[in-house]
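User: I would like to go through this model slowly and learn what stands behind the words used for its parts. Please set each value against its definition as we go.

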Amino acid sequence: MNQPQNIIVDHNATVPAVNYTSSANGVSYFWTNTNPAIGLSSSGIGNLPSFTAINKRGVPVTSTITVTPKYNITNTFSYTGNMQTFVVPAGVTRIKVDVKGSQGGSAIYNQPGTKPDDIGGKGGRVTAEYPVTAGQTLYIFVGGIGYNGGGNGGGSIAQPNGGGASDIRMGGMTLANRIIVAGGGGGGGNNCSANAEPGGAGGGLIGEVGFQCGNQTGTAVGQGGTQLGGGAAGTSPATAGILGIGGNAGGLGTASGGGGGGYYGGGGAAYGGGGGGSSYTDPLATSVQHTQGFQDGLGEVMISYYQECSPSNSKTFNITVNPTSQPNANGILFVKKGSVGTGNAWNNAIGELADALLVAKDLNAITAGSVTQIWVAGGTYKPMYSPADNNFGNPANSGNAFLMVKDVKVYGGFDPDNGKINLATRDPQSVLTILSGDIDGNDVQSGAGATLSFSNNNENARHVIVSAGNVGTAELNGFTITGGNGNGTTITVNGLQLWGTHGGGMNITSSSPTLSYCIFEYNQVQTGMGGALYIGTPANEAVSAPLVSKSSFVNNKSDNIAGVGWSEEGGGALYNSASSPIVTECVFTGNLVTGSRLGGAIANNGLTMEVSNTVIKNNISLGANGGGSGFANSGAGQTILKNVILSGNYTDGKGGAIYNNPGAILSLQNVLISGNQANAGAGIYNNGSSPVLTNVTIAGNQANLGGGIYNINSSLPLLQNTVVFGNSTGVINNLPADIPTYKNSLVQGLFTTGLILFSGTATDLFVQPLTPALAVGGDYKPKSGSILANAGDNTLFTNLDANTKDLAGNTRLKGANIDLGAYELQSQPQVISPIATITKTYGDAPFGPGGISSSGLVVGYASADNSVAEAYQDTADGNKWKLKIKKAGTVQVTASQAGGSNNGDFYDPHQMLCLIWWSIKNRLRLH
């Protein structure tokens with residue numbers, strides 16, 4: 001063939017058709033394409049069609065087209081009455097077949113006035129392709145009237161036989177070796193003077209019924225063969241069809257047709273036409289088409305195949321597609337769903353985030369910093385390409401994932417059609433930008449927590465997002481990540497192994513991106529780690545240390561079966577393995593782990609981990625050997641929970657809020673643990689662990705063992721400035737070896753070294769405590785006058801200063817001493833200093849008594865008898881409080897301060913009583 005020319009075009013350009021030419025006749029052209037991503041299919045036969053070129057990358061893409069000319073050869077086998085053979089030529093691996101069964105015999109009387117001629121049913125047709133091996137022998141049987149299964153006809157004048165089937169046999173010559181069968185037609189009948197009685201047509205999966213006097217409802221005609229059995233016969237003495245052979249006619253009347261041959265033969269007729277035989281194709285056949293009643297006359301078999309020229313004359317040429325996508329002058333790519341632009345502005349945006357990430361990766365590989373940000377308009381975007389090193393940039397169905405690019409920040413929440421066009425005006429809370437792993441868009445999610453379930457998600461992406469290796473300053477900001485379904489095998493990304501079962505929403509491996517203002521919702525892993533987010537570090541690789549801030553983890557799941565897997569799976573929302581993440585200002589709610597695994601919300605098995613200013617509520621761990629519904633800690637490194645609320649978490653195992661494994665090092669500061677429920681340790685379950693609790697409030701929790709804290713296996717926790725009160729029980733130690741240390745704390749039902757003696761109730765301590773149960777709510781701030789106020793030891797709270805905040809974000813130190821627990825009472829007590837004796841002469845001018853409050857707030861007065869002395873505010877003297885003496889006598893005066901704020905401090909009300917009287921000497925004395 002002649003050599004085609006190379007082609008170079010731009011993205012979105014039209015590539016003209018390429019017409020192949022050759023000096024030989026009877027040639028077909030087979031071509032293959034190494035890169036279907038350019039918009040051209042991977043292979044074809046004939047000339048190369050015109051197409052629109054596609055290059056969604058940031059660099060030119062070249063595809064190689066290989067064209068192989070082949071001769072198109074057809075062998076035709078006609079009826080001979082004998083078996084014929086075909087030997088597969090060298091180099092042929094597939095054949096096309098066109099197999100036609102024989103028409104049945106016709107009843108011809110040459111009496112046109114009284115007995116019309118009734119033709120035999122037409123033969124069926126099967127076209128298909130079939131795999132073969134060079135040198136293989138195929139056995140060909142071409143149907144004739146009465147040959148290869150046509151049943152015998154009968155009658156006093158004519159005996160129309162059924163048409164024989166045509167078939168191809170492989171591996172032998174018996175009926176069991178048939179791979180393609182085209183059914184034969186039934187023989188015609190002739191017993192009616194006016195109405196036709198043709199035989200039933202052969203072919204199709206069920207052969208046609210014969211005719212008697214113009215209809216097919218009579219009992220005398222033959223029925224068609226099926227895929228399971230021969231066609232039923234007409235009334236006796238006609239016979240039914242069987243495997244490969246049509247039934248015989250009954251011989252009654254002037255003419256009755258035999259059944260057609262087929263996969264199963266048609267039934268013979270007693271009167272009228274015989275039934276048609278059925279067709280058949282072996283399961284290996286492809287491109288199958290059945291046609292009933294196609295063939296006039298005798299059968300035929302055609303076998304076609306392509307054979308390469310010798311020597312081969314294949315030609316190759318290249319199609320190169322240049323990219324057109326570029327960022328704007330500030331290094332920003334714009335993405336808007338449905339757009340078809342090049343990405344340098346909102347009105348010329350790229351249509352898919354997946355494509356923008358490819359462009360960013362390509363351009364930055366050429367010139368670092370070419371793309372620094374990607375701005376994504378609201379909408380739903382799905383991962384389109386594999387992140388794997390061995391398949392990068394190619395579609396991989398459930399193996400697709402968005403891949404974070406080094407030093408590229410990706411922002412969502414833009415709405416350019418409504419003025420939200422930059423970082424200052426975007427609104428990710430109301431303009432949802434969704435990254436969805438639901439490839440088919442048919443997920444069904446229901447419930448939350450214990451009832452959380454997923455269906456129709458088998459095809460979903462294993463990871464919606466991947467961050468692998470050094471990503472520098474990369475950030476994901478303002479997105480909803482949903483529909484991840486972690487399962488399956490591992491892949492290698494940037495030289496790192498990623499487990500398919502780790503991180504349904506996002507997998508972070510040896511990588512430290514920033515995640516902000518994101519929502520992880522309805523993601524799961526199956527027998528894996530981190531339904532929403534997995535953070536891991538392989539051995540001898542850089543430690544993952546991502547920052548996760550201002551994000552929510554809602555209704556994610558680690559779905560496990562007890563006894564199946566490694567037993568280390570877990571973390572309904574987040575799993576930290578050998579890494580050092582920081583999680584701040586986040587919410588974890590409605591997450592679930594099953595199969596007696598740990599961590600309904602968070603499972604920590606990392607080097608270090610810090611969680612701050614975060615709420616962990618309504619999470620579930622199911623399975624008697626599981627637990628840590630809020631936070632499960634197995635990490636040997638330092639783990640810190642600071643300014644954290646753990647509330648309403650449930651497990652039928654251990655640790656409603658927190659579970660600590662042996663060796664876990666946990667520090668809690670300004671933490672509220674309330675309304676959690678477990679079999680043991682509803683607040684905290686310590687298993688060979690010795691956490692340090694500083695200013696922690698544990699209240700309202702319920703368990704069969706240890707409503708507040710349960711210690712086992714030589715646990716030695718330290719409680720300082722901490723209150724454990726109002727739980728179903730307080731602190732339970734399994735054995736004498738479990739010895740908590742208390743410093744300046746309060747524990748219900750317990751008074752020992754380091755504890756404050758208290759005999760009241762929870763309502764004496766807190767503003768609004770709840771009865772111990774699974775619940776979210778209540779108010780566990782110290783109430784005014786609570787023993788918790790100013791009862792702490794400042795030295796036990798590390799780095800306590802004027803800027804330190806309590807769990808509510810208020811000043812941590814309001815009085816001389818820090819309060820017990822997670823909250824600081826913001827109102828402080830005050831006193832009015834005693835007022836000294838004052839001597840006045842009757843008739844003196846009104847005067848101020850001189851009362852001073854320790855708060856510095858103004859002291860007011862009230863007289864019990866204004867006829868003796870009246871308290872008032874002198875508007876002429878700056879509204880100062882004064883007393884006016886009206887007559888001799890005695891009166892009670894109350895000095896009071898109503899409470900309020902002064903210099904950022906809030907004070908409780910206070911009052912004191914004074915006594916005023918007149919003496920005989922008309923002197924006033926005030927005490």
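User: Which elements each supply at least two residues of the lining of the largest cavity, and what makes a residue count as lining?

Analyst: The elements are α1 (353-366) and β20 (402-403), where helices (H or I, at least four residues) and strands (E, at least two) are DSSP runs numbered from the N terminus. A lining residue has an atom within 4 Å of a cavity point, and 13 residues line the largest cavity, with A354, L357, L358, A401 and L403 nearest its centre. Helix α1 gives the largest share, four residues. This is a predicted model, in which local features need pLDDT of at least 70 and side-chain atom pairs count only at pLDDT 80 or more, while totals for chains, interfaces and linings use all residues. Residues are numbered from 1 along each chain as its sequence is written, and side-chain values use heavy atoms, with hydrogens and water left out.

User: What makes this space a cavity, and how many cavities are counted?

Analyst: A cavity is a set of points, on a 1 Å grid over the protein atoms alone, where a 1.4 Å probe fits but cannot get out. The count comes to three cavities of 30 Å³ or more, and the largest has a volume of about 100 Å³, volume being the space filled by probe spheres set on points that are joined across faces, edges and corners. The second largest cavity has a volume of about 70 Å³.

User: How do the linings of these two cavities divide by class?

Analyst: The lining of the largest cavity holds 11 nonpolar residues, one polar and one charged, whereas the lining of the second largest has three nonpolar, six polar and one charged. Here Ala, Val, Leu, Ile, Met, Phe, Trp, Tyr, Cys and Pro are nonpolar, Asp, Glu, Lys and Arg are charged, and the others, Gly among them, are polar. Among the residues lining the second largest cavity are P387, S398, R462 and H463.

User: Why is the contact between D355 and K56 called a salt bridge?

Analyst: A salt bridge needs a side-chain nitrogen of Lys or Arg within 4 Å of a carboxyl oxygen of Asp or Glu, and the closest N and O atoms of D355 and K56 are 3.4 Å apart, so the pair qualifies. D355 lies in helix α1 and K56 in the loop between β5 (51-52) and β6 (61-78), so the pair ties together parts that are 299 residues apart in sequence. By this rule there are 18 salt bridges.

User: Why is D355 called buried, and what is K56 called?

Analyst: Buried means under 20% relative accessible area, exposed over 50%, and partly exposed in between (1.4 Å probe, protein chains only). D355 has 6% and is therefore buried, whereas K56, at 31%, is partly exposed.

User: How do you know that K882 and D874 form a salt bridge, and are they buried or exposed?

Analyst: Their closest N and O atoms are 2.9 Å apart, so they meet the distance rule. K882, at 14% relative accessibility, counts as buried, and D874, at 15%, also counts as buried. Elsewhere, salt bridges that share partners join D98, K100, R125 and E300 into one network.

User: Where does P131 lie, and why is it called partly exposed?

Analyst: P131 is in strand β9 (residues 123-131), and its relative accessibility of 29% falls in the middle range, so partly exposed is the right term. P131 and T286 are 155 residues apart in sequence, while their C-alpha atoms are 9.0 Å apart in space.

Definitions and conventions. 1 Å grid on protein atoms, 1.4 Å probe; cavity = no way out; pocket = protein on both sides within 12 Å on 5 of 7 lines; lining within 4 Å.
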